[in-house]
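Got the viewer open? Grab a coffee and work through the exercises below, then check yourself against the solutions.

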Protein chains: 2
Amino acid sequence: MENDFIKELGYLGFATRLKRLSDMLLQDGRRMYQNLDVDIEPNWYLIFKLLSKHKQLGVTEIAQHLQLAHPSIITITNKMEKAGYLLSIRSKADSRKRVLSLSEKAIDKLPEYEIIWQAGIKSVKDALDDLNILNTLDELEKRFSKSGFQSRTLEQLNKN
Amino acid sequence: MENDFIKELGYLGFATRLKRLSDMLLQDGRRMYQNLDVDIEPNWYLIFKLLSKHKQLGVTEIAQHLQLAHPSIITITNKMEKAGYLLSIRSKADSRKRVLSLSEKAIDKLPEYEIIWQAGIKSVKDALDDLNILNTLDELEKRFSKSGFQSRTLEQLNKN
DNA sequence: CCATATTACGTAGTTAGCTACGCAAATTTA
DNA sequence: TAAATTTGCGTAGCTAACTACGTAATATGG
């Protein structure tokens, strides 16, 4: 059945389709972890990977690296800490700061998860490589960060 | 500052970047409506447009046209009804069904909103036309609906 | 024509983002 | 060095999607 109204809308539906697609991938990823019987959530890989590289980071630092709002990071990392994957200690140099790092459990489990992530990378790469999607994403991010959707549209409105 | 860790992750970060970008556009769209002092929400345009074309549709029918889950449609349309943009009547032919249509207020306001949407379309088109993004989206949707992220990744895992 | 299956809608509860705001610690500046 | 500003974290409350489940009405099939 080919009955997708949003597609008919052309550029008007652009953002909605992007959202629909990314939500779909997210849900599918969650189901994948469940089926593999792995007790992690779809966005945790970000923290695993980032702390593998940087060892110790504060909440705000993580938020900057991932370009997400800091309360989102608190939510994610609190869950990961509760699941035993993260250590959290107060910084001695700056007592406002909470330093996060991977726990032994995390380091233990990482190779197992890495296999899954590598398979994910491979499957996406195989599926999409001809589309040059990463470069397209680079461009989208660059252009919208230079001037956002709102500012572009308001500018357009003022031309009339 | 160029410090985006997710970008470093290549295809691993693909879905996250998609989500981050679409969330960003959504928030920006909401702010735009606020700044224009227009009391509608970013996803309402879908219903306005769909019911402009089809006049009368049930909840499930809308969900099918938009390829979203039906509870999402209930949430959206309930708000729109509360805001006076939708009429909702029980179907005579099938008393389970609730028939939704645009109110007079909606039809009244549509031209005003259409101007905003057209400006949005134009601004996105101007910004992205060389990227061929709609065709890329077509392909992404097609490929992932044929075989989702999970099934591709599990298949990949089983190769080892 | 009655039992069963399907459909349409609704509710409850989850997740992942976000903004706005507050507080306390650190830093800067006058 | 005291006052003002900035920074880092935390909480509260919002939005928009989702799944799972329940119920009532309709459709189907033996």
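Here are two exercises on a predicted model, each with a worked solution.

**Exercise 1.** Work out what the protein surface near DNA strand C is made of, and which part of the strand it meets.

*Solution.* Start with the residues that come nearest: of the 27 around DNA strand C, these are Ser72(A), Lys79(A), Thr60(B), Arg96(B) and Arg98(B). Next, sort the surface by class, and you get 12 charged, eight nonpolar and seven polar residues. Now look for the helices behind it: α5 (70-82) of chain A, plus α2 (14-35), α4 (59-66) and α5 (70-82) of chain B, each supply at least two residues. Then turn to the DNA side. Of the strand C atoms within 4 Å of the protein, 72% belong to sugar or phosphate, and the rest to bases. Finally, pick out some polar contacts. Glu41(A) has a polar side-chain atom 2.7 Å from a phosphate oxygen of strand C, and for Asn43(A) the distance to a phosphate oxygen is 3.2 Å. Arg96(B) goes to a base instead, with a polar side-chain atom 2.2 Å from a base oxygen.

**Exercise 2.** Describe how α7(A) packs on α2(B): how do the axes cross, and which residues meet?

*Solution.* Take the axes to begin with: those of α7 (residues 133-146) of chain A and α2(B) come within 11 Å and cross at roughly 25°. Angles under 35 degrees count as roughly parallel, so α7(A) is roughly parallel to α2(B). The crossing is left-handed. Now the side chains: α7(A) brings residues including Leu137(A), Leu140(A) and Phe144(A), while α2(B) brings Phe14(B), Leu21(B) and Met24(B), among others. By class, this contact has 10 nonpolar, four charged and no polar residues.

How values were computed. Residues numbered from 1 in each chain as written. Chains lettered and ligands numbered in written order. Predicted model: local features only at pLDDT ≥ 70, side-chain atom pairs only at ≥ 80, totals over all residues. Heavy atoms only, no water. Near = heavy atom within 4 Å. Polar contact = N/O pair within 3.5 Å; in protein donor to acceptor, adjacent residues only side chain to side chain. Helix = DSSP H or I, 4+ residues; strand = E, 2+ residues; numbered from the N terminus. Nonpolar A, V, L, I, M, F, W, Y, C, P; charged D, E, K, R; others polar. Axes fitted to C-alpha atoms, helices over the stretch in contact; angles between N-to-C directions. Parallel < 35°, antiparallel > 145°, perpendicular 65-115°, else oblique. Left-handed = near helix turned anticlockwise from the far one by under 90°. Contact = heavy atoms within 4.5 Å.
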